[in-house]
Amino acid sequence: QVQLVESGGGLVQPGESLKLSCVASGRIFRINRVDWYRKAPEKERELVAGITRDGITNYAQSVKGRFRISRDDRKNMVYLEMSSLRAEDTAVYSCKANLDLGPVARVYWGQGTQVTVSS
């Protein structure tokens, strides 16, 4: 069974850092594009960062210079390193991945991990 699982969320104070992980498991030939999204209460879901299979990255303007997305294909892992966290970064963070399963490629979502930034 193919699935994505996020981890690394938690409660931190403003200015602190967190590193989120997203691991893909199951019969996967290759991980294509991966995106991190976040959803805060009463706000629309927002694309935070993305990384292609070739390692090309993109970021939302609100997180540029503070967040860094990376991938380790040997481990089927994608990371989101978040620094200088602000209260407005509080949200449920989810990863979305386009996974090459061999005959087909499909998009999978993780269940999300809560990030709370509060003093």
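**Strand 9 and its surroundings**

In strand 11, the residue that bridges to Ala-91 is Val-115. I begin with that pair, colleagues, as an entry to strand 9. Please bear in mind throughout that this is a predicted model.

Let me take the strand pairings in turn. Strand 9 and strand 11 run antiparallel and are joined by 3 bridges. Strand 9 is also joined to strand 4, again in an antiparallel arrangement, through 8 bridges. Within that pairing, Tyr-93 of strand 9 has Arg-38 standing opposite. A further antiparallel partner is strand 10, residues 105-109, with 5 bridges to strand 9. Here Ala-97 has Tyr-108 of strand 10 as its bridge partner. Strands 9 and 10 make up a hairpin, with 4 residues between them. In the turn of that hairpin, Gly-102 has a positive phi of about 115 degrees.

How much of strand 9 is buried? The strand is mostly covered, with 7 of its 10 residues buried.

One residue of strand 9 that deserves a separate word is Lys-96. Is Lys-96 buried or exposed? Its relative accessible area is 21%, and a residue must be under 20% to be called buried, so Lys-96 counts as partly exposed. Beyond its neighbours within four places in sequence, Lys-96 contacts Leu-4, Arg-33, Val-34, Asp-35, Tyr-37, Val-107, Tyr-108 and Trp-109. Among these, Asp-35 is 61 residues away along the chain, yet the C-alpha atoms of Lys-96 and Asp-35 are separated by 5.2 Å.

I turn now to the interior. In soluble globular proteins, nonpolar side chains tend to be buried together. The largest nonpolar core in this model has 32 residues, and those touching the most other members are Leu-4, Trp-36, Phe-67, Leu-80, Met-82, Tyr-93 and Leu-99. Two or more residues come from each of strands 3, 4, 5, 7, 8, 9 and 11. Which strand gives the largest share of this core? That is strand 9, with 5 residues.

Phe-67 may serve as an example from the core. Not counting residues up to four places away in sequence, Phe-67 touches Arg-38, Val-48, Tyr-59, Leu-80, Glu-81, Met-82, Ser-83, Leu-85, Asp-89 and Tyr-93. Two residues in that list, Arg-38 and Tyr-93, are the pair that stand opposite each other in strands already described.

Arg-38 also leads us to the largest pocket. That pocket has a volume of about 150 Å³. Which residues lie nearest its centre? They are Arg-38, Lys-43, Glu-46, Ser-62 and Glu-88, out of 13 lining residues. By class, the lining comprises 9 charged, 2 polar and 2 nonpolar residues.

Finally, I draw attention to two loop residues and their backbone angles. Most residues other than glycine have a negative phi, and most peptide bonds are trans. Glu-42, however, has a positive phi near 65 degrees. Glu-42 is placed in the loop between strand 4 and strand 5, and is exposed, because its relative accessibility is 83%, where the limit is over 50%. Ser-84 has a positive phi as well, near 50 degrees. Ser-84 sits in the loop between strand 8 and strand 9, and at 40% relative accessibility it is partly exposed.

To close, I return to strand 9. The strand pairs with strand 4, strand 10 and strand 11, and gives the largest share of the largest nonpolar core.

Conventions. Residues numbered from 1 in each chain as written. Predicted model: local features only at pLDDT ≥ 70, side-chain atom pairs only at ≥ 80, totals over all residues. Heavy atoms only, no water. 1 Å grid on protein atoms, 1.4 Å probe; cavity = no way out; pocket = protein on both sides within 12 Å on 5 of 7 lines; lining within 4 Å. Points joined across faces, edges and corners; volume = space filled by probe spheres on them. Nonpolar A, V, L, I, M, F, W, Y, C, P; charged D, E, K, R; others polar. Core = buried A, V, L, I, M, F, W, Y, C linked by side-chain atoms within 4.5 Å. Buried < 20%, exposed > 50% of the residue type's maximum accessible area, 1.4 Å probe, protein only. Contact = heavy atoms within 4.5 Å. Pairing = 2+ DSSP bridges.
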